[in-house]
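Visitor: I'm new to this one, and I'd like a close look at a single part of it. Please walk me through the salt bridges, and then show me what lies around them.

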Amino acid sequence: MTTVAEPDGGARQARHLAAVDSTSDARVPPAAAGCDVEIVVPVHNEEADLSDSVRRLHAYLDERFPFSWRITVVDNASTDATWGIACRLVDELAGVGAVHLERKGRGRALRAAWSASDAAVVAYMDVDLSTDLDALLPLVSPLLSGHSEVAIGSRLVPGARVRRGPKREVLSRGYNLLLRSVFRAGFRDAQCGFKALRTDVARQLLPLVENDNWFFDTELLLLTRRLGLRVFEVPVDWVDDPDSRVNIRATVMEDLRGMARMARRFVTASVPSPADRPDDLARHATRFALVGAFSTVGHLAGFAALRPSLGPVGANLVALGVATVANTVAHRRFTFGLVGPEDRLRQSAASFTIFLATAALSSAALVAASVLVSDSTLVLGAVLVGVQASATAARFAAMRSWVFASGPDRGGDQR
């Protein structure tokens, strides 16, 4: 590795890069040390677009960005004039650095630059600048303020404006739907090339990420959710790059293999989850019991009021249905700390499944009690309490590990 014109902080960064990738050339200007945001632009054979894009980004940051910043171009194994252009940009533009890696891979490029950064927040964007730069400040502000640990640009949330072909649109929506179905991922858009992390969080996550190519983004986000970190989604204006050279078929196959690998990691618990931390478990259990107590009282009151007109089974179904709706809303917000519309449809469907099981069990118990013991409201009410109590542990486990398993954080939460 060779190092050019970077005494002080820059030299330290170059040495760190050498530990990450032993075949790298680095240029980092001295003034770059200790900034608020480092924006990484990974490139491979981008001689046509690199200079114009970096100059446009540099001008935008210089004129309109309120935080201190630097731009780092990471050339991963280009075979054209990309590295030479990057070095000229370092010489001509203040606050621009460049790193060269001998091995290809966007994930590898991000890993190298983020691992070496001394900025408070690390970010990246694609060199084509498909995402409107006005989204950069909303992207990094929640991280600098401490609101969130990770922020991602999203083309699939309300407020986003996107122009791209139908093939890419269908593939993107299908892929992200698959992620939400398999992993209950709270985020909407794993693939948008516009993301930021607090640097301390990046250092926590990067050793856990195995992929160094296109699946890097998805794996990073799945691990973020697994570890219970807060992800903030920013709607972006995005225009498809017609000159994109991404091999769609190869990328799709890589993504599918990556998803299978991550599913195995999570099933075998090779990646730790904070879901069973004693402090969270105690807090969830206490709040669950409190909500359950109010819900049971409401269920019994509704049952007693409706029984004369609907009979015991009908009254139980109506009262239990109303109590279940209120119970689900309360558990979502109060017990598990979820706000916003993210994943609400799936959670409602899962809660309805629990309702059906509880309704079947309680209805059978009411019929049996009416025949074998007594059909008085007092006795039947006691039966309902007994059914609810006996199912409490199972319902708590189901809500914690299934219904609201996405955790108390995220996917665009506005807390």
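Guide: Let's start with the term itself: a salt bridge is a side-chain nitrogen of Lys or Arg within 4 Å of a carboxyl oxygen of Asp or Glu. By that rule, the structure holds 20 salt bridges. Side chains of opposite charge can pair when their charged atoms come close.

A quick word on what you're looking at. It's a predicted model, so local features need pLDDT of at least 70 and side-chain atom pairs count only at pLDDT 80 or more, while totals for chains, interfaces and linings use all residues. Residues are numbered from 1 along each chain as its sequence is written, and side-chain values use heavy atoms, leaving out hydrogens and water.

Now find Asp212 and Arg111, whose side chains meet in a salt bridge at 2.9 Å, N to O. This pair links distant parts of the chain, 101 residues apart: Arg111 belongs to helix H4, and Asp212 sits in the loop between helix H7 (199-205) and helix H8 (216-226). (Helices, H or I and at least four residues, and strands, E and at least two, are DSSP runs numbered from the N terminus.) Arg111 is buried, as its relative accessible area is 16%, and Asp212 is buried too, at 17%. Here buried means under 20% relative accessible area, exposed means over 50%, and partly exposed is in between, using a 1.4 Å probe and protein chains only.

Helix H4 covers residues 106-116, and Ala116 lies in it. Ala116 also counts as buried, because its relative accessibility is 8%. Its C-alpha atom is separated by 9.6 Å from that of Thr199, although the two are 83 residues apart along the chain.

Next stop: Asp237 and Arg161, a salt bridge with its closest N and O atoms 2.7 Å apart. Asp237 is in strand E11 (residues 237-239) and Arg161 in strand E8 (residues 161-163), so this bridge ties together parts that are 76 residues apart in sequence. Asp237 counts as partly exposed, at 25% relative accessibility, whereas Arg161 is exposed, at 57%.

Then there's Arg261 with Glu219, whose closest N and O atoms are 2.7 Å apart. They also connect distant parts of the chain, with Arg261 in helix H9 and Glu219 in helix H8, 42 residues apart. Both of these residues are buried. Beyond single pairs, you can look for Arg106, Asp126, Lys195 and Asp217, which salt bridges with shared partners join into one network.

So what lies around all this? In soluble globular proteins, nonpolar side chains tend to be buried together. The largest nonpolar core in this model has 41 residues, and Leu50, Leu61, Met125 and Leu136 have the most contacts inside it. Helix H3 (residues 82-92) gives the largest share of that core, 6 residues. Apart from it lies another core, of 38 residues, including Leu179, Phe183, Leu229 and Phe266. (A nonpolar core is a set of buried Ala, Val, Leu, Ile, Met, Phe, Trp, Tyr and Cys residues joined through side-chain atoms within 4.5 Å.)

Zoom in on Leu50 and you'll see that, leaving aside residues up to four places away in sequence, it touches Val43, Val73, Thr82, Ile85, Ala86, Leu89 and Val127. Contact here means heavy atoms within 4.5 Å.

Some nonpolar side chains face outward. Leu171, Leu178, Val182, Val252, Met253 and Leu256 form a nonpolar patch on the surface, together offering about 440 Å² of accessible area. Helix H6 (166-183) and helix H9 (248-267) each supply at least two of the patch residues. Leu171, for one, is in helix H6 and is partly exposed, with a relative accessible area of 37%. (Patches take residues with over 30% relative accessible area and no salt bridge, joining like charges within 9 Å and nonpolar side chains of Val, Leu, Ile, Met, Phe, Trp or Tyr within 5 Å; accessible areas come from the Shrake-Rupley method with a 1.4 Å probe, and for residues only the protein chains shown count as cover.)

Finally, step back: the protein chain has 13 helices and 11 strands, and 51% of its 415 residues count as buried. Among its contacts between residues at least 6 apart in sequence, 79% join residues at least 24 apart.
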